Every structure is written in C-alpha cells, then in structure tokens.
Amino acid sequence: MSTHYDEFEDVAIGKAMDTALLKRLLRYVRPYKKFFLIAFVFTVFATGIELALPYITKVAVDEVLVLPWVEVRSEEAPYPGAYELEEGLFLVDTGDMPQRALERLEFEGQVGERFLLLAEDDPGREGAARHPDVFEEMELGLLARERDLAALSAMERLQVQGRVVVILGYLALGFVLLLVLRFALTYGQVFLLQASGQRVMYDMRRDIFGHLLRLPVPFLDKQPVGRLVTRATNDIKAINEMYAEVLVFALRDFLMMGGVLAVMFSLNLRLGLLMLAFAPPLAVATFWFRVKARDAYRTARRHLARLNAYLAESISGMPIIQLFLQEVRAFRRFASINEEYFSAQMRTVMVYGVFGPTVWLVTNLALALLIWYGGRGVLDGVFTLGSLVAFISYIRMLFQPLTELSEKYNLLQGAMAAGERIFQLVDEPAESSGEHRPTDVRGEVAFEDVWFSYNERDWVLKGVSFRVAPGERIAVVGPTGSGKSTVVNLLLGFYRPQRGRILVDGQDLNELDLAAVRRRLALVPQDVFLFSGDVTENLAMWDPQIRPEDVRTAAEEVGVHPTIAKLPDGYETQVRERGTRLSVGERQLLSMARAVAADPRILVLDEATANVDSQTEALMQEALDKVMQGRTSIAIAHRLSTIRKADRVFVFREGHLVEEGSVSDLLEQKGLFWALWQLQFSSDVPDQLRTGPVPPPPDGS
C-alpha cells in the first residue's frame with residue numbers, strides 16, 4: 001500500500017491514562033476548580049439520593065406493607081419488650097427486634113403468624129370495632145391475624161390500616177421530593193460542568209491559536225491545514241468531553257459502586273459477598289476490552305486520517321481530476337481507503353459489541369442468582385421481601401457503571417490522544433527573534449555569503465552576496481528554481497540561513513526584533529490573500545495607526561480607487577474569503593495598495609504581475625513606478641519587460657548570483673540575462689541557459 005498519506009496521519013496514541021499528560025490538561029481546570037468542586041459535591045449528594053431511593057422501597061415493603069407483629073414460640077422472651085400471649089408464645093414487633101435475631105428465630109422455625117395491632121390512638125380502630133370476629137381486644141390494642149384480614153374487603157382493609165396508608169403517602173412524598181432534589185442537583189452539576197468545560201475549551205483554543213500565530217513558517221509549511229484546524233476544534237472538543245463526561249462521572253461511578261456494596265453488605269453480608277463473585281469475570285472482560293478497544297481505536301483513527309486527507313486533496317484538485325479524466329482512478333482509490341476504514345470501524349464495533357452484551361449477561365446472571373437465592377431466603381425467613389426488592393435495584397446500580405465503561409473509556413482514550421497532539425503542537429518552539437528594536441529602517445539590505453537549504457541537504461542558495469542601497473530599485477531574475485523567492489523568504493525572516501548573514505541597515509537580522517523590522521517591510525505576493533471583511537479592513541490590515549483616509553490615499557496612489565468606488569458599498573464592500581468576488585488584477589492592485597498603506601521602507605514584489613493580463617500589467621507598472629519612489633524595492637520578475645526601470649538586476653542560476661548590473665550593461669555582456677531576454681522574444685534557446693558548473697558547498701556542511 002502506498003504511504004503517500006502518512007504525513008496526514010495522526011500521531012500514535014499513547015497510554016489511555018497518561019498521568020503526566022493528564023496533569024497538563026488539568027492545568028486548564030485550575031481557574032475553574034471551584035465550579036468542578038461544586039459539581040462534584042452535587043454529584044456526591046445526587047449519588048446519595050440515588051442510593052436512598054431503593055432503601056425507601058425496602059422500608060415501604062418491610063415496615064409498612066408487611067405486618068410488623070409476629071408470634072414467636074420461645075421458652076422465654078426473645079428480647080426485652082416482647083408481649084407474652086400465652087406460655088411459650090410471645091408477640092414481637094419486628095421493627096424493634098434486631099434483624100439478625102429475627103433471622104435466627106425464623107431459621108429455627110420459631111416464628112409463626114403475622115398480626116395487625118391497632119393501638120389506642122390508631123385511626124383504624126373505629127373500622128376494626130365493626131369486625132369483632134376478626135379483631136380481638138388485647139392489652140396492647142386490637143389484634144388481628146393476617147389470614148383473618150383476608151376476609152375483609154379492600155375498602156375495609158384500607159379503613160383499618162389507615163395509618164399504613166398515611167405512612168405510604170409520606171414515603172411516596174419523600175420519594176418524589178428526593179427525585180426533585182436529585183433533578184436540581186443533576187441540573188446544577190451538568191450546568192457547571194458544561195459551563196466550565198466551555199471555558200476550558202475557550203482557553204485552550206485561545207492558547208493554540210495564539211501559539212499558531214507565533215510559529216515559524218518552516219513548520220507551518222510542512223503541516224496540512226486540516227490537521228492544524230483539527231487541533232483547535234475536534235481535539236479540543238474531545239478534551240471537553242473528558243472533563244464533562246469522564247472525570248466527575250467516573251468519581252460518581254466509584255462512589256455509586258462503593259455505596260451500593262456498603263448498603264448490600266449491611267442488608268445481607270452473605271448475599272453481598274455472593275454478588276461479588278461476579279467481579280472476576282467482569283474484570284477479565286474489562287481488561288480484554290481495554291486492550292482490544294485501544295488497538296481498534298488507534299487503527300480506525302489512522303484510516304480515518306487517510307480518508308480525510310484523500311478527500312481534502314481530491315476536492316481541492318477536482319478540476320484537474322476531471323480535466324485529465326481521472327475520475328475512475330480517484331474513485332477506486334477512495335473506495336480502497338474507504339474499505340480499509342470500514343474494516344477498521346467494524347473491528348471497533350466488534351469489540352464494543354462483545355463487551356456490552358458480556359456485562360449485560362453477567363448482570364442478568366447475578367439477578368437470576370439473586371432471585372433464586374434471595375427468594376429462598378425470604379421463604380426461609382433469613383431475608384426480608386423488602387431487602388430482596390432493594391437488592392434487585394442495587395444490583396442494576398452496581399453493574400450500570402460497567403456497562404458505560406466502554407463509552408467512557410473511548411472518550412478518555414480520545415482525550416488522551418487529542419491532548420498528546422495538542423501539546424505536541426504547543427511544544428513546538430515559537431519563531432525566534434532578536435531583541436534589538438531599531439528606531440527607524442533606512443532600507444539598506446545586504447547578503448553576506450548566504451547559504452540556505454530547506455531540507456538541510458539540497459542547497460537552494462550557495463554563497464550569495466550582494467548589497468542594496470537605501471532607495472535603490474533591484475530586480476531579481478533567473479530560471480525557475482534558481483532561488484529567487486528564497487531570497488525574499490530570507491529577507492522577510494520566514495527562514496534563517498545555515499551559513500552567512502543578512503543585514504538590514506548594517507545590523508544582523510538575527511539580532512533584530514522581527515516585529516519592528518516587518519513594520520517597515522511590505523510584500524506584494526504573486527498569489528494575493530484577502531481576508532473576510534471589507535475593503536478598508538483588508539487594506540489597513542486592522543492596524544489602528546492606519547486611518548481610513550490613509551487607506552484611500554494608498555488606493556489612489558496605486559490607481560485602484562476607481563475600481564473600489566464601483567463596488568456596491570465602496571470601501572465597506574465585503575470582499576469575502578480570499579476575495580472571490582474580485583478579479584485577479586483587482587486583487588493584485590488591492591495588495592499593492594495594502595503595501596503602500598503600511599508606508600514601508602523596503603518593498604518586496606514577488607512576481608506581482610505574473611498572473612495578470614497586459615492591460616492590467618500596464619496599470620500595475622504605472623502604479624509601481626509611483627510606489628517605489630523613495631523606497632528600497634526588490635522585485636522578482638519573470639516578465640523582463642517589467643524591470644526596465646530597475647537600477648540593478650541580480651541574475652540567479654542554481655542558487656548562485658551569476659550576474660549583476662543595469663539592464664543595458666547585462667544585455668551588452670550577452671550572458672544569462674541576455675539569454676533570458678532573447679528567450680522571451682525569440683524561439684531559439686541560447687546556450688547560456690544550459691547548466692553551468694556548481695561550486696561545492698561550504699566546509700562542514
């Protein structure tokens with residue numbers, strides 16, 4: 001398989017939980033730690049409420065719905081406070097008896113029937129008095145056997161058990177109030193997490209873009225734009241999901257599982273330990289999932305990066321694909337990459353598809369065992385019905401966090417990978433700059449034995465030396481690939497030479513503050529870039545020192561004012577991104593006006609007239625004559641007709657400055673410049689265009 005798209009792939013994913021990386025990510029949380037702390041407190045209380053809800057159900061069943069008074073056969077009172085019905089038979093309130101003691105009595109078969117006891121102040125005594133065949137007057141109150149209550153109608157049972165109905169009402173009201181409180185706590189928790197997460201995303205995007213603005217051009221040239229955009233968008237979103245969905249909720253899950261286990265052990269230690277027997281298979285499944293999910297996720301991300309890269313390249317180059325009839329080849333290539341991504345995603349689906357049902361199966365096996373074992377316990381009297389009902393709820397609450405583990409692990413792994421990529425970008429060194437800030441720039445430029453290579457192997461400039469006086473007009477010409485544009489890139493400080501020095505007003509460019517130097521430099525590029533905004537903003541480049549009248553003056557100086565005046569809103573016309581509503585010539589003139597508005601001392605023109613027609617070229621040449629007055633200008637030109645008024649011409653070939661002089665002097669020498677001149681006006685290719693000898697690189701290179 002071709003590795004053409006390897007440069008677009010994301011970096012390899014590191015550990016799913018990289019503590020060093022997590023510490024760096026948590027630095028962005030520190031300004032908002034109070035909000036995260038409050039959200040965590042809300043989570044603790046909401047978890048406590050969630051744990052309390054099944055217990056309320058248990059209380060309703062065991063202490064309200066199930067009759068609390070039972071008869072116990074015993075030679076002596078089972079506990080202080082037991083009421084003796086007859087010799088060897090006691091009436092016991094199970095609500096007052098310790099649970100373990102009651103379970104022991106039930107296990108030994110000493111517990112008999114259940115009774116309903118209505119005390120003197122019970123509101124059900126009035127209805128019970130109408131059924132003397134069911135209720136017996138006792139010292140403690142009216143007493144009825146559970147089996148005798150079946151003879152009463154539903155309405156009559158409600159009348160005699162009025163207190164039970166009231167208690168159930170209070171329990172239901174408390175249940176609802178806890179639900180409302182849990183809703184409020186959950187809302188506050190989600191709001192605080194999302195609001196804090198958005199602030200964290202805001203801070204991280206600001207830091208990333210601020211760092212991008214300071215990165216050197218050599219680094220940016222090697223990075224696909226889509227990758228850098230992803231760092232400030234998708235990767236930031238992945239980290240926010242970790243903050244909002246993983247960290248606090250993971251703590252909630254641990255609290256939930258710990259609380260559930262504590263409640264289960266308090267209800268029935270033996271049954272709680274039995275439920276823990278399902279922990280080993282779940283641990284094995286979780287470990288398998290962690291390993292497999294990480295590998296599957298990494299593979300899917302790699303193939304997705306290839307897919308996105310190929311899509312971006314194909315859409316950008318669609319006119320060329322259609323022109324050369326390469327639609328079928330492009331489609332087949334896309335289908336191949338798409339198939340690889342599909343297969344990788346299916347492996348991911350398989351891993352998640354196995355883990356989720358495994359947890360579901362273990363959960364339901366635990367429920368089945370609970371129903372069998374716990375149900376027998378209820379029949380044997382060693383377990384209450386309410387505890388069994390609560391246990392069923394707690395089992396689901398215990399295993400629910402494990403069912404969500406796959407999603408949280410996916411988010412955590414994505415956040416770790418995103419954080420690794422983000423900090424790899426942030427750790428890139430910013431553009432270096434000197435500290436000396438010149439008070440003014442006169443415009444003197446000098447190259448002293450400059451050697452430069454883009455890749456540290458192939459020299460693009462080889463021992464170039466020249467000097468440009470303030471206000472001098474210089475033209476740079478030469479065959480394609482001779483190093484002309486590299487001279488401009490070095491002068492603008494985008495790149496630094498490996499050998500030699502570049503001087504501005506006699507000072508080494510490496511020692512000067514680039515911001516101060518660039519304020520007196522202006523570039524008119526071949527490919528003009530206009531930003532979204534109006535004409536004035538694009539000409540002033542949002543510099544508050546450039547007034548609207550300065551913009552208008554610059555436009556008039558280069559002759560583009562009539563064109564701007566014809567636009568729908570004049571200088572307030574929105575040019576849209578890259579200036580798509582303007583012609584190439586109009587964009588070139590605007591670029592020139594932008595340079596003039598900055599009032600530079602050094603003006604650089606990188607083949608500024610290469611993409612315009614002859615009429616527009618004439619207008620631009622006239623404007624250039626005005627713009628260059630009193631300024632040092634260095635113009636790269638392919639059209640030699642545009643350099644007739646240059647004071648000197650530098651001729652480059654294969655990285656060497658081979659000729660230097662005025663246009664007339666160079667034509668008289670009949671060297672490479674004369675050959676280039678003849679080439680534009682004659683079909684014969686002169687011998688001077690052929691490659692000459694190349695000097696060796698400097699020592700130690």
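Asp-513 has a relative accessibility of 14%, so it counts as buried. This is a predicted model, and Asp-513 is a handy way into its salt bridges.

The side chain of Asp-513 meets that of Arg-437 in a salt bridge, with 2.5 Å from N to O. Arg-437 sits in the loop between helix 16 and strand 7 (445–453), while Asp-513 sits in the loop between strand 11 and helix 18 (514–518), so the bridge ties together parts that are 76 residues apart in sequence. The arginine end looks quite unlike the aspartate end: Arg-437 counts as exposed, at 52% relative accessibility.

How many salt bridges are there? The count comes to 24. One of them pairs Asp-235 with Arg-421, whose closest N and O atoms are 2.8 Å apart. Here too distant parts of the chain are linked, since Asp-235 belongs to helix 10 (residues 234–267) and Arg-421 to helix 16 (residues 405–426), 186 residues apart. Asp-235 and Arg-421 are both buried. There is also a network of salt bridges, which links Arg-442, Glu-444, Glu-448, Arg-467 and Arg-501.

Three of the pairs, side by side:

| Salt bridge | N to O distance |
|---|---|
| Arg-437 and Asp-513 | 2.5 Å |
| Asp-235 and Arg-421 | 2.8 Å |
| Arg-552 and Glu-556 | 3.3 Å |

The last pair stays inside one helix. Arg-552 and Glu-556 are four residues apart in helix 20, so about one helical turn separates them. Both ends are partly exposed: Arg-552 has a relative accessible area of 40%, and Glu-556 has 41%.

Now for the other side of that helix story. Which residues of helix 20 (residues 548–558) are buried? They are Val-551, Ala-554, Ala-555 and Val-558. These four span an arc of only 100 degrees around the axis, so they lie on the same side of helix 20. An α-helix has 3.6 residues a turn, so residues three or four places apart point the same way. Right after helix 20 comes Gly-559, with a positive phi near 85 degrees.

Helix 1 (residues 19–26) can be read in a similar way, with Leu-21, Leu-22 and Leu-25 as its buried residues. They too cover an arc of only 100 degrees around the axis, which puts them on the same side of helix 1. Turned away from that buried side is a face carrying the exposed residues Thr-19 and Lys-23.

Two residues other than glycine also have positive phi values. Asp-505 has phi near 55 degrees and is found in the loop between strand 10 (499–504) and strand 11 (507–508). Asp-505 is buried, at 17% relative accessible area. Met-541 has phi near 50 degrees and falls in the loop between helix 19 (535–540) and helix 20. Met-541 is partly exposed, with a relative accessible area of 35%.

On to the surface. Arg-27, Arg-30, Lys-33 and Lys-34 form a positive patch. Among them, Lys-33 lies in helix 2 (residues 33–65) and is exposed at 56% relative accessibility.

A nonpolar surface patch is made up of Val-166, Tyr-170, Leu-173 and Leu-177, which together have about 430 Å² of accessible area. Tyr-170 is in helix 7 (residues 162–212) and is exposed, with 59% relative accessible area. Val-166 is also in helix 7, but it is partly exposed, at 44%. For a sense of scale, the C-alpha atoms of Tyr-170 and Ala-515 are 74 Å apart, with their positions 345 residues apart along the chain.

Methods. Residues are numbered from 1 along each chain as its sequence is written. This is a predicted model: local features need pLDDT of at least 70, side-chain atom pairs count only at pLDDT 80 or more; totals for chains, interfaces and linings use all residues. Side-chain values use heavy atoms; hydrogens and water are left out. Patches are made of residues with over 30% relative accessible area and no salt bridge: like charges are joined within 9 Å, nonpolar side chains (Val, Leu, Ile, Met, Phe, Trp, Tyr) within 5 Å. Accessible areas come from the Shrake-Rupley method with a 1.4 Å probe; for residues, only the protein chains shown count as cover. A salt bridge is a side-chain nitrogen of Lys or Arg within 4 Å of a carboxyl oxygen of Asp or Glu. Lys and Arg count as positive and Asp and Glu as negative; His and the chain ends are not counted. The place of a charge is taken as NZ of Lys, CZ of Arg, CG of Asp or CD of Glu. Buried means under 20% relative accessible area, exposed over 50%, partly exposed in between (1.4 Å probe, protein chains only). The arc is that of the directions from the helix axis to the C-beta atoms.
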